[in-house]
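Hi everyone, thanks for making the time today. I'd like to walk you through one model, moving from the overall layout down to single residues.

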Amino acid sequence: MNILLIGCGKMGGAMLRQWVRHGEHSFTVADPAADDLPSGVRHVSKATDLPSQAFDVVMIAIKPQAIADVLPDYAHALKEDGTFVSIAAGTSVASLENVVGDAAIVRVMPNMAALVGMGVSGLYANARCTAEQTRQIVALIDQTGTCIPVDSEDRIDRLTAVSGSGPGYVFELLRSYVAAAEELGFDHDTARTLVFDTLSGTVEAARQSDQTLEALRNSVTSKNGTTQAGLSALMRDGQLDTLFQDTLQSAYARAVELK
Ligand SMILES: NC(=O)C1=CN([C@@H]2O[C@H](COP(=O)(O)OP(=O)(O)OC[C@H]3O[C@@H](n4cnc5c(N)ncnc54)[C@H](O)[C@@H]3O)[C@@H](O)[C@H]2O)C=CC1
Ligand SMILES: O=C(O)[C@@H]1CCC=N1
């Protein structure tokens, strides 16, 4: 496919790197600030540099607040049977239709783990998308990690709160965990190794296990042992559950505001 990527910042750039690595599609990036594009990617700085009806996919990867101003300039570049794809948080299909009219539109919510080809994305296709158009975009997003199609747009906003913003929570969790390990006397590099390997090894053990997460947690927790002491601080008064619920509800509420 011939694909136009409008906006190639942190998220668009992470996904583009995976697509270029797979080498299946041709890419043009429209972003005045993009200066370090992978080789083979064409770069344009303005919409008027693009021919009409040249692209199978026009993907918008700029900030939600800028879409209404920027996208109309690029609408001519999409083929008549092409697909608009938006990765913007919140911005609804209805808002996108207000800008580009009645078109095949797919909302994708990726995450920053796409940087290493381990992203997880939600995907919602509007009623104008044919099964073939949806299949093509699912296959494209699969190249950045895992793609989970959903059948309601609200699921995309909910999934934004869980996995779209998720790397932000996890980076902060890692920062705090590493800082606490340093407080306990480890140098920074050792603290990072201890925390990162604990996280990735534990996630893999949980993924490969058929036990519940509670059973796995209990398998680490000796009666009156060290883990029990640590967990009673971590879980005091249900604070961890409250914190995660507040975190996800706040992010979901913001996605709804950005519609
Ligand atoms: N950063 C993340 O982890 C995620 C971001 N998103 C969504 O991705 C979109 C982009 O976010 P980021 O990459 O984080 O932001 P960013 O600020 O890193 O990238 C935005 C890019 O758009 C470019 N841009 C601005 N005006 C433009 C114009 N008129 N024409 C072409 N390009 C223009 C900027 O130069 C910049 O490179 C947002 O809508 C966000 O909601 C979705 C999931 C995760
Ligand atoms: O914070 C944001 O709005 C974007 C969407 C999901 C992750 N980053």
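The domain assignment splits the protein chain into domain 1, residues 2–159, and domain 2, residues 166–257. Please keep in mind throughout that this is a predicted model. The C-alpha centres of domain 1 and domain 2 are 33 Å apart. Where the two domains meet, domain 1 contributes seven residues and domain 2 contributes six residues. On the domain 1 side of that contact, the classes are three nonpolar, two polar and two charged residues.

Let me zoom out for a moment to the chain as a whole. Along the principal axes, the C-alpha atoms fill a box of roughly 70 × 35 × 30 Å. The secondary structure comprises ten helices and eight strands. The protein chain has 259 residues, and 29% of them are buried. If you take the contacts with a separation of 6 or more, 61% of them involve residues 24 or more positions apart.

How do the database annotations sit on this? An unreviewed UniProt entry places "domain: Pyrroline-5-carboxylate reductase catalytic N-terminal" at residues 3–90. That span is 24% helix and 31% strand, and its end C-alpha atoms lie 23 Å apart. UniProt, again in an unreviewed entry, gives "domain: Pyrroline-5-carboxylate reductase dimerisation" for residues 153–258. Residues 153–258 are 82% helix and 0% strand, with the end C-alpha atoms 13 Å apart.

Now to the nonpolar core. Which residues have the most contacts inside the largest one? They are L4, L5, I6, V58, M59 and A61, in a core of 49 residues. As a general background point, nonpolar side chains in soluble globular proteins tend to be buried together. V58 is a nice one to click on: beyond its neighbours within four places in sequence, V58 is in contact with L4, I6, Y74, A77, L78, G82 and F84. Two of the partners on that list, L4 and I6, are also among the residues with the most contacts inside the core.

On to the ligands, which I suspect is what many of you are waiting for. There are 24 residues around ligand 1, and those that come nearest are G7, G9, A33, A88 and A89. Which element gives the largest share of that shell? The answer is helix α1, residues 10–22, with three residues. Sorted by class, the shell around ligand 1 holds 16 nonpolar, five polar and three charged residues.

Around ligand 2 we find A89, T160, G164 and S165. By class, that shell has one nonpolar and three polar residues, and no charged ones. Do have a look at A89, which is in the shell of ligand 2 and is also one of the residues that come nearest to ligand 1.

Let me finish with a few individual residues in the second half of the chain. L248 is found in helix α10, residues 239–257. Is L248 buried, exposed or partly exposed? L248 is partly exposed, because 17 other C-beta atoms lie within 10 Å. Apart from residues up to four places away in sequence, L248 touches A161 and V162. By contrast, L248 and G230 are 18 residues apart along the chain, and their C-alpha atoms are separated by 24 Å.

L213 lies in helix α8. L213 has 9 other C-beta atoms within 10 Å, so it counts as exposed. From L213 to V150 there are 63 residues in sequence and 25 Å in space, C-alpha to C-alpha.

Finally, two backbone angles for those of you who check Ramachandran plots. In general, most residues other than glycine have a negative phi. N224 has a positive phi of about 60 degrees although it is not a glycine. N224 lies in the loop between α8 (213–220) and α9 (226–234), and N224 counts as exposed because it has 7 C-beta neighbours inside 10 Å. D237 also has a positive phi, near 55 degrees, and is not a glycine either. The loop that holds D237 runs between α9 and α10. D237 is exposed too, as 7 other C-beta atoms lie within 10 Å.

That's my tour, and I'm happy to take questions.

Conventions
Residues are numbered from 1 along each chain as its sequence is written. Chains are lettered from A and ligands numbered from 1 in the order in which they are written. This is a predicted model: local features need pLDDT of at least 70, side-chain atom pairs count only at pLDDT 80 or more; totals for chains, interfaces and linings use all residues. A residue is near a molecule or strand if its C-beta atom, placed from the backbone, lies within 6 Å of it. Helices (H or I, at least four residues) and strands (E, at least two) are DSSP runs, numbered from the N terminus. Ala, Val, Leu, Ile, Met, Phe, Trp, Tyr, Cys and Pro count as nonpolar, Asp, Glu, Lys and Arg as charged, and the others, Gly among them, as polar. UniProt positions are given in the numbering used here, feature names are shortened, and annotations may be inferred rather than shown by experiment. A nonpolar core is a set of buried Ala, Val, Leu, Ile, Met, Phe, Trp, Tyr and Cys residues joined through C-beta atoms within 7 Å. A residue is buried if 20 or more other C-beta atoms lie within 10 Å of its own, exposed if 12 or fewer, and partly exposed in between; C-beta atoms are placed from the backbone. Domain bounds come from an automatic or database domain assignment.
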